[in-house]
Amino acid sequence: MKKSLLISATLATALLPFSGCNPPGQKSAGETKTASAGTPAARTYVAPGDKDEYYLFYSGGHSGQVYVAGIPSMRHISTIPVFAPYPATGYGFDEESKKMLGDYSWGDVHHPGLSKKDGVYDGRFLFVNDNANNRVARISLSDFKTHQILGPIPNSSGNHGSSFVTDNTEYVLVASRFSVPLPKGRYADPKDYEKEFNGMLSGIKVDPQSGEMSVGWQILTPPFDWDLGSTGKGPSEGWAFWTSYNTEMAHETLEATSTQGERDYAAVVNWRAAEAAVKEGKATMLDGVPVIDPAKVPGVLYFMPVPKSPHGIDTDPSGRWIAAGGKLQPVASVFDFEKIMAAIAKKDFESEFRGVPVIRYESVLEGSVPVGLGPLHTQFDGRGNAYTSLYIESVVAKWKLPPWTAEEKADLNKVILDKIDVHYNIGHLVLGGGDTKKPYGDYLVAMNKLSKGRHLSVGPSQPESSQLIDVTGQKMAMLYEAFTEPEPHFAQIIKADTVNAIEVYPKADNKHPHAVWEAKDTGVVRNGNKVEVKMIAIRSRFIPDRIDTQEGDELTIHITNVEQTTDMIHGIGIIEQNMNVVIDPGETKTLKVTMTKTGVFPFYCTNFCSALHQEMQGYLTVKPAPTAETAAK
Ligand code: K7E
Ligand code: CUA
């Protein structure tokens, strides 16, 4: 790769918030309110009692959670705890969710990915990545709860480039952001980065019935820092793409050294070939996972040059056009998948790197669309238009996908159709179904990194801003602005009627081995120092409502909410025991506490459930353990 020291310094400075060409000071606060005042309000208004048309699932970044809002109202509806405890739903307190969280109390969710069938959302699952602790989680859209956390994924560090779901949810595809010495746990000096460190691309297999995830296979890569990816569709179905922002293989002062190359690489992965290679025994086991060395298994991995520290790489609904945002270059690079296939067939390679062919850039580039400064991510409306977020400019640019006319090709400025200001420094943007074969094509949400001064002051830690934009017309129209806690990255929008959420857990489906439904089946059983309670919660009491223990006892409570009425939720909070579990109608949860303190510890229902909710309480007593003296009496 050619190296240029010239561009990096200036553009890297420009990447700092507000130093770009559209400083927020130049936009008056009232600017977005002027155009057709009243109309946007009417279009986003969802009257009390009415429901939104779409769900918006947006990642909560390092809060570790996923937020659910409605579109077009942008009202926050609920929070789905995934990688961090959440007392509001008792997540992380009961044994089942504690086990899922394992040793970690946080995660960093960037990219939610909905499950698909034939390339469109099927409304079953939402997969999310954890950039921090190398995990992937599966949320069921039947109860909007986290059902599985897989990981830390072996041989992979920094799970940023996920969760990209294949057309029929065969896989959730995952890439390592960081390279480390492998297998994990091995020490090597970062000075020997090029030689000792490796990156990894992984196929997380999804069981078609249960959705259960397992690590299917991995592809070993040079120590490039893989960034964002997308799966192919239509003609490119079976393929996946990821950008790298560090094909320079810098291991220190990345800001300067990893931005030197004129071009980095994208990984072009034939995941069906990877799957076949593993079946044919062409992989080597490493930390329990079949790992493919692409130098030894041709046809699985190719590198494709992409200009200038790229970030997002997105496949359009037709599956033919692949748009990459080069952060340090004011263009979106558009690649033609047909040409990529032709180049691979003809072995039209410009070089190879560690045994992996590098596709000839000029052969596959369709054009460089001058979208503006700091292009990051691209989404599609299904009508032949693309929308690219411009971080530095604080703008969304709408442009026309190929095929282009000769006139347009001669001057690609002509394919830029519209630009709209967003506030400020946009990261991802999301269009309904924008990563599927059939986008809805009406709403776009701009997920901005900064909200500086656009809300009531809440002190120095300010929320992020999300802006709802109507994309049905020639010109984009700003409709609404909502705020959220730090820090959303990507999101998914799905039609509400594609999702079939349950309202209660049917009693018949409760498989918990210690569930009880009637007072006569409840009780307290002591076995040595183990005290096991089967309890029911019902308006407005706990049965039993007295539990007697002794210091040092291990107390286990299996509590069943026997209600079968919508929204009739009970919780059990035990005073000064750091214990709080919430049980939905028809649900059973298990909680464990070791009795380290003596005394009387009232417990109470935490969810306001009836007029006599306050009366829903009981006592946990803990007697001092017998001493030699008391035991003798
Ligand atoms: Cu652009 Cu992690 Cu997808 Cu954030 S990433 S913006
Ligand atoms: Cu049960 Cu409040």
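This report covers the surroundings of ligand 1 and a selection of salt bridges in a predicted model.

**Ligand 1**

The shell around ligand 1 consists of H110, H111, H160, L228, H311, H377, G427, H428, K449 and H489. By class, these residues comprise eight polar, one nonpolar and one charged.

**Salt bridges**

The whole structure holds 31 salt bridges. Three of them are listed here, with the N to O distance for each pair.

| Acidic residue | Basic residue | N to O distance |
|---|---|---|
| D470 | R43 | 2.2 Å |
| D584 | K145 | 2.4 Å |
| D293 | K296 | 3.6 Å |

D470 and R43 meet through their side chains. This pair joins distant parts of the chain, 427 residues apart: D470 belongs to strand β32 (residues 464-470) and R43 to helix α3 (residues 39-44). D470 counts as buried because its relative accessibility is 9%, under the 20% cut-off. R43, at 33%, is partly exposed.

The side chains of D584 and K145 also form a salt bridge. Here the partners are 439 residues apart, with D584 in the loop between β41 (579-583) and β42 (588-594) and K145 in strand β7 (residues 145-150). D584 has a relative accessible area of 17% and is therefore buried, while K145 is partly exposed at 23%. Both residues belong to a network of salt bridges that includes E587.

In the pair of K296 and D293, K296 is exposed, with a relative accessibility of 67%. D293 is partly exposed, with a relative accessible area of 26%.

Key
Residues are numbered from 1 along each chain as its sequence is written. Chains are lettered from A and ligands numbered from 1 in the order in which they are written. This is a predicted model: local features need pLDDT of at least 70, side-chain atom pairs count only at pLDDT 80 or more; totals for chains, interfaces and linings use all residues. Side-chain values use heavy atoms; hydrogens and water are left out. A residue is near a molecule or strand if one of its heavy atoms lies within 4 Å of it. Ala, Val, Leu, Ile, Met, Phe, Trp, Tyr, Cys and Pro count as nonpolar, Asp, Glu, Lys and Arg as charged, and the others, Gly among them, as polar. A salt bridge is a side-chain nitrogen of Lys or Arg within 4 Å of a carboxyl oxygen of Asp or Glu. Helices (H or I, at least four residues) and strands (E, at least two) are DSSP runs, numbered from the N terminus. Buried means under 20% relative accessible area, exposed over 50%, partly exposed in between (1.4 Å probe, protein chains only).
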